[in-house]
Amino acid sequence: MPEITAPVHEIAHGSLADSSELFPIREVSRLTGVNPVTLRAWERRYGLIQPARTESGHRLYSKTDIETVNRILDWIERGVAVSKVGKILARDDQQADVVRAERDSVEDTQWQARLRQAISAFDDRALEHVYGQLSATCALSVAFQDILMPLWYDLLRHQGRFGQASEWLFFDAFLREQAWLRLQLGSGSPGSRVLLAALPGECRKLELLVAALLVGRQDLPMKVLEVGQPLDELTLVCEKIRPQALVIFSNHSHNHELAERLSRLAMTLDCPLFLAGAASDFAEKDLAGSSVGCLGSDGLVMQRRLQQFLSGQLDT
């Protein structure tokens, strides 16, 4: 018997959302591309999602459940085993709870709604106006980490309807320009620069630019190398530029080989080497005791750790 949407009074447990906000498993499969067998396995075997149930036992998924499925897919695409995704989601949710306790998440949603309206109309002026108001209201880390980039990722994941790919490209181009302008404002600051490079094939340009914005400081400007920069040529680049530090950025999961490659790279450099992004969290144990420092994935944490490493307050 196919699973169908049920009225609220039939729901045995789970979210008591309006019935229009609940979806049967076949619809969730259509929206996310994950087949029903896999959705059930993620629930039974790993506890990653907990849909509501009707009295007859049919699963009903909320919009939050669908968002969780997309988050799971995102981490799997980054190379994380499904058995490890639960801990990552729990960590991210815990961090989000802390942020929500300090800020109004409803306000974030309102900002994103205004941005979406400008994006869907392909209205440059309206988008620039909303972005300008957001920049004047929120700190840089808050604007990008909690509002702009989550919307960017959401638009990237949902490109099934005609026109959605164009909306994402429009927003991506706008944010790249704004992030680049911000970096250019700080590039004239005196002092040595920190080089930022992405692991080849694992980062879009905007992700790298935003990482530079979050890690950099006024007294420590960032120089972003192009996406696709060969890892084995970074020694040559550092010899020419002579940076104060080199930061490798990646949001993907890796095996022990990455730690070995970075350790070998660090031996050829005249400056300290750091790993940033989600890869830093995954590789922290493998890199413990090595000369490669882990900066983490949160913007404020990355900036603070880099400052502490460079001032000698933390050991690599």
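This report walks through a predicted model of one protein chain, from the overall picture down to a few single residues.

**The chain as a whole**

Let's start with the big picture. The chain has 316 residues, and 44% of them count as buried. Its secondary structure comes to 13 helices and 9 strands. If you take the contacts in the chain with a separation of 6 or more, 63% of them are between residues 24 or more positions apart. The accessible surface is about 16500 Å², and carbon and sulfur atoms account for 49% of that.

**A sheet of five strands**

Now find the open sheet of 5 strands, which has the order β6-β5-β7-β8-β9 with parallel pairing. Which strands sit at the edges? They are β6 (222-224) and β9, each of which pairs on one side only. On average, neighbouring strands in this sheet are turned by 30 degrees against each other, if you ignore direction.

Strand β8 (residues 273-276) is a nice place to zoom in. Leu273 and Leu275 point one way from β8, Phe274 and Ala276 point the other way, and all of them are buried. On one hand, β8 runs parallel to strand β7 (residues 245-249), and 4 bridges join the two. On the other hand, β8 pairs with strand β9 (residues 292-296), again in the parallel sense and over 4 bridges.

You can also look at who stands across from whom. Here are three examples:

| Residue | Residue opposite | Strand of the residue opposite |
|---|---|---|
| leucine 246 | leucine 273 | β8 |
| phenylalanine 249 | alanine 276 | β8 |
| phenylalanine 274 | glycine 293 | β9 |

**Helices that go with the sheet**

How does the chain get from one strand to the next? Helix α11 (residues 256-267) joins β7 and β8 in a right-handed β-α-β unit. Then β8, helix α12 (residues 278-287) and β9 make a right-handed β-α-β unit too.

Try tracing where α11 goes: it lies across β7, β8 and β9, and runs at about 150 degrees to β8. Helix α13 (residues 299-310) lies across β5 (194-198), β7, β8 and β9, with an angle of about 150 degrees to β9.

**An aromatic cluster**

Next, some rings. A pair of aromatic rings is described by the distance of the centres and the angle of the planes. The structure holds 6 aromatic pairs. One of them is made by tryptophan 152 and tyrosine 153: the ring centres are 4.9 Å apart and the planes stand at 80 degrees, so this pair is edge-to-face. Both tryptophan 152 and tyrosine 153 are buried.

Tryptophan 152 also pairs with tryptophan 168, and this pair is tilted, with 5.6 Å from centre to centre and 45 degrees between the planes. What does that pair tie together? Tryptophan 152 lies in helix α7 (residues 140-157) and tryptophan 168 in helix α8 (residues 164-186), so the pair links parts that are 16 residues apart in sequence. Put the pieces together and Trp152, Tyr153 and Trp168 form one aromatic cluster.

Is tryptophan 152 buried or exposed? Its relative accessibility is 0%, and since buried means under 20%, tryptophan 152 counts as buried. Tryptophan 168, with a relative accessible area of 10%, is buried as well.

**Two residues to look up**

Arginine 71 has its place in helix α3. Why does it count as buried? Because its relative accessibility is 19%, which falls under the 20% cut-off. Leaving aside neighbours within four places in sequence, arginine 71 is in contact with Leu89, Asp92 and Asp93. Arginine 71 and aspartate 154 are 83 residues apart in sequence, while their C-alpha atoms are 9.8 Å apart in space.

Finally, where is serine 62? Serine 62 is in the loop between β4 (59-61) and α3 (63-77). Serine 62 is buried, with a relative accessible area of 12%. Which residues does serine 62 contact, leaving aside its neighbours within four places in sequence? The residues are Glu21 and Leu22.

Definitions and conventions:
Residues numbered from 1 in each chain as written. Predicted model: local features only at pLDDT ≥ 70, side-chain atom pairs only at ≥ 80, totals over all residues. Heavy atoms only, no water. Buried < 20%, exposed > 50% of the residue type's maximum accessible area, 1.4 Å probe, protein only. Contact = heavy atoms within 4.5 Å. Areas by Shrake-Rupley, 256 points an atom, 1.4 Å probe, with all protein chains shown as cover. Pairing = 2+ DSSP bridges. Right-handed = clockwise from strand over helix to strand, strands pointing away. Axes fitted to C-alpha atoms, helices over the stretch in contact; angles between N-to-C directions. Phe/Tyr/Trp six-rings, centres within 6.5 Å; stacked < 30°, edge-to-face > 60°.
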